[in-house]
Amino acid sequence: MKGKFFETIKLKDGQLELLPYHEKRMQATRSFFYGIVDKINLSAIIEVPENLREGVYKCRISYDKAIRDIKFYPYEIKKISKVLLLEIGESFDYKFKFEDRVFFKNALEENPDVDDVLFLSNGHLTDCTYSNVILFDGFGWATPKTRLLRGVKRQHYIETKMIAEKPVSLEDINKYKEIAFINAMRDFEFIYDFELRGKILHLTKTEISNF
């Protein structure tokens, strides 16, 4: 049986990252939908194969009331150079990490000339199809307050004060100099200079080693 929700956990050199954040989100989801309040100890449940002790892999957990499946996959950062800004109003709700991602899949398939889609809600930036967005104004990094999903990496960076949560409207975007995309698998491997042409952000990649 396939689960209704999923978590993607970064496995780097044999270590599973940000487990408390994943556990907290899973617990909140199970409590909301099923009234289950018991805690999940992922470190006791996930067994990392010996042949995956070096390098970066994606650990995908499928669950509903209980964990249904755990799988590991190779991981490579998706390269992007063009991002479409797409207004969706308040018609789409993704507060929970559902396995049903048809909305995101359709947005990409309907716009094959871009690498990703950045959704707007009433003119305010939210998230891309697979990541939270962060922007640099020359002084610090901000992430849109009108996010779709409370990403674990986003939450970690907010709590450690590496980024700040702010309202970011389309009119505000030219106040920012750089953009980056973060999720459980992505850190600051790449940041991008960008230029908005019409409804498309054109990105120029800059590689960095540390943040």
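**Close-up 1. Helix α3 and the largest pocket.** In this predicted model, α3 contributes more residues than any other element to the lining of the largest pocket, namely three. The pocket has a volume of about 680 Å³, and of the 29 residues that line it, Lys-97, Arg-101, Thr-129, Tyr-130 and Asn-183 are the closest to its centre. Two or more lining residues come from each of β1 (5–12), α1 (19–34), β3 (56–63), α3 (102–109) and β7. By residue class, the lining of this largest pocket comprises 13 nonpolar, seven polar and nine charged residues.

**Close-up 2. The second largest pocket, with helices α1 and α4.** A volume of about 310 Å³ is computed for the second largest pocket, whose lining is made up of 13 residues, with Lys-24, Arg-25, Ala-28, Lys-95 and Arg-150 lying nearest its centre. The elements that give two or more residues to this lining are α1 and α4 (152–159), and α1 gives the most, with five residues. Six residues of the lining are charged, four are nonpolar and three are polar.

**Close-up 3. The largest nonpolar core.** This core holds 21 residues, of which Leu-118, Leu-135, Ile-179, Phe-181, Phe-194, Leu-201 and Leu-203 touch the most other members. At least two core residues are supplied by each of β5 (82–87), β6 (116–121), β7 (124–128), β8 (132–136), β11, β12 (190–197) and β13 (200–207), and the largest share, three residues, comes from β12.

**Close-up 4. The surroundings of Leu-203, and a second core.** When neighbours within four places in sequence are left aside, Leu-203 is in contact with Ile-80, Ser-81, Val-83, Ile-179, Phe-181, Tyr-192, Asp-193 and Phe-194. Separate from the largest core is a second one of 16 residues, which includes Leu-11, Leu-16, Leu-52 and Phe-96.

**Close-up 5. Ser-169 in the loop between β10 and β11.** Ser-169 is placed in the loop that runs between β10 (164–166) and β11 (178–182). Ser-169 counts as buried because its relative accessibility is 10%, and buried means under 20%. Not counting residues up to four places away in sequence, Ser-169 touches Gly-123, His-124 and Leu-125.

Methods. Residues numbered from 1 in each chain as written. Predicted model: local features only at pLDDT ≥ 70, side-chain atom pairs only at ≥ 80, totals over all residues. Heavy atoms only, no water. Helix = DSSP H or I, 4+ residues; strand = E, 2+ residues; numbered from the N terminus. Buried < 20%, exposed > 50% of the residue type's maximum accessible area, 1.4 Å probe, protein only. Contact = heavy atoms within 4.5 Å. Core = buried A, V, L, I, M, F, W, Y, C linked by side-chain atoms within 4.5 Å. 1 Å grid on protein atoms, 1.4 Å probe; cavity = no way out; pocket = protein on both sides within 12 Å on 5 of 7 lines; lining within 4 Å. Points joined across faces, edges and corners; volume = space filled by probe spheres on them. Nonpolar A, V, L, I, M, F, W, Y, C, P; charged D, E, K, R; others polar.
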